[in-house]
Amino acid sequence: MRPLKLTIRAFGPYATETAIDFSPFGRSGLFLISGDTGAGKTTVFDAISFALFGQPSGQNREPSMMRSKYAAPSTSTEVLLCFEHRGLIYHIRRNPEYERPSLRGDGTTTQRAEAELTLPGGQLITKNRDVNNAIQDLLGIDHNQFAQIAMIAQGDFMKLLVADTEDRMRIFRQIFATDRYNRLQDLLKRKYSE
């Protein structure tokens, strides 16, 4: 998965719309996001993770915390991510649940969390659960694995390094699709025992 463009609106410390175009950074898909403390680096990780999985990148943050406290009440909170995976382009849009002004009358109402995934052929997948399942099937990893290996935030690389052997094996098996080799190994062991 290689991000192409990330657009965030009223998300984290970003009160208005902010877009990051990753396409000029090359095709390797390896990026270093650096800046001063408080500059919003973690929010970029959170936005990509939220777009894909409906969860921020860190375990100490909840989706309900993603609405910018600096945003105008009428500004909608959402994340749009355009990414390439295996040569195909995907578009995903998500918003967290948050309070917004009522469209009719005074007061506020709850804006429900929503997700939309547009596949390369134009097919649209909606509903959070369906989008989550489609992303996990597409990438072959879940949110926790993604946070451990694809987006390594400050100090989180240690989590992969110090993960127990079983966890690391499970992560790498899923990433590199080596299950068929495990099945072959088990079959050979059985045949040998026979």
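These notes cover the overall fold, the residue Arg-93 and one hairpin in a predicted model.

1. Overall make-up. The protein chain contains six helices and eight strands. Along the sequence, their order is β-β-α-β-β-β-β-β-β-α-α-α-α-α. The pattern ends in a run of helices.

2. Burial and surface. The protein chain has 194 residues, and 36% of them count as buried. Its exposed area is about 12,000 Å². Carbon and sulfur atoms supply 51% of that area.

3. Contacts across the sequence. Take the contacts between residues at least 6 apart in sequence. Of these, 52% join residues at least 24 apart.

4. Arg-93: place and burial. This residue sits in strand S4, which spans residues 88–95. Is Arg-93 buried or exposed? Arg-93 counts as buried because its relative accessibility is 17%, and the cut-off for buried is under 20%.

5. Arg-93: polar partners. Its side chain makes a polar contact of 3.2 Å with the side chain of Asn-95. A polar contact of 3.3 Å links the side chains of Arg-93 and Glu-114.

6. Arg-93: wider surroundings. Set aside the neighbours within four places in sequence. Arg-93 then touches Glu-78, Val-79 and Leu-80, along with Glu-114, Ala-115 and Glu-116. Glu-114 therefore appears both in this list and as a polar partner of the Arg-93 side chain.

7. The S5–S6 hairpin. Strand S5 covers residues 98–101 and strand S6 covers residues 108–111. They pair in the antiparallel sense, over four bridges. Pro-101 stands opposite Thr-108 in S6. Six residues lie between the two strands. In this hairpin, Gly-105 takes a positive phi near 85°.

Technical notes. Residues numbered from 1 in each chain as written. Predicted model: local features only at pLDDT ≥ 70, side-chain atom pairs only at ≥ 80, totals over all residues. Heavy atoms only, no water. Buried < 20%, exposed > 50% of the residue type's maximum accessible area, 1.4 Å probe, protein only. Polar contact = N/O pair within 3.5 Å; in protein donor to acceptor, adjacent residues only side chain to side chain. Contact = heavy atoms within 4.5 Å. Pairing = 2+ DSSP bridges. Areas by Shrake-Rupley, 256 points an atom, 1.4 Å probe, with all protein chains shown as cover.
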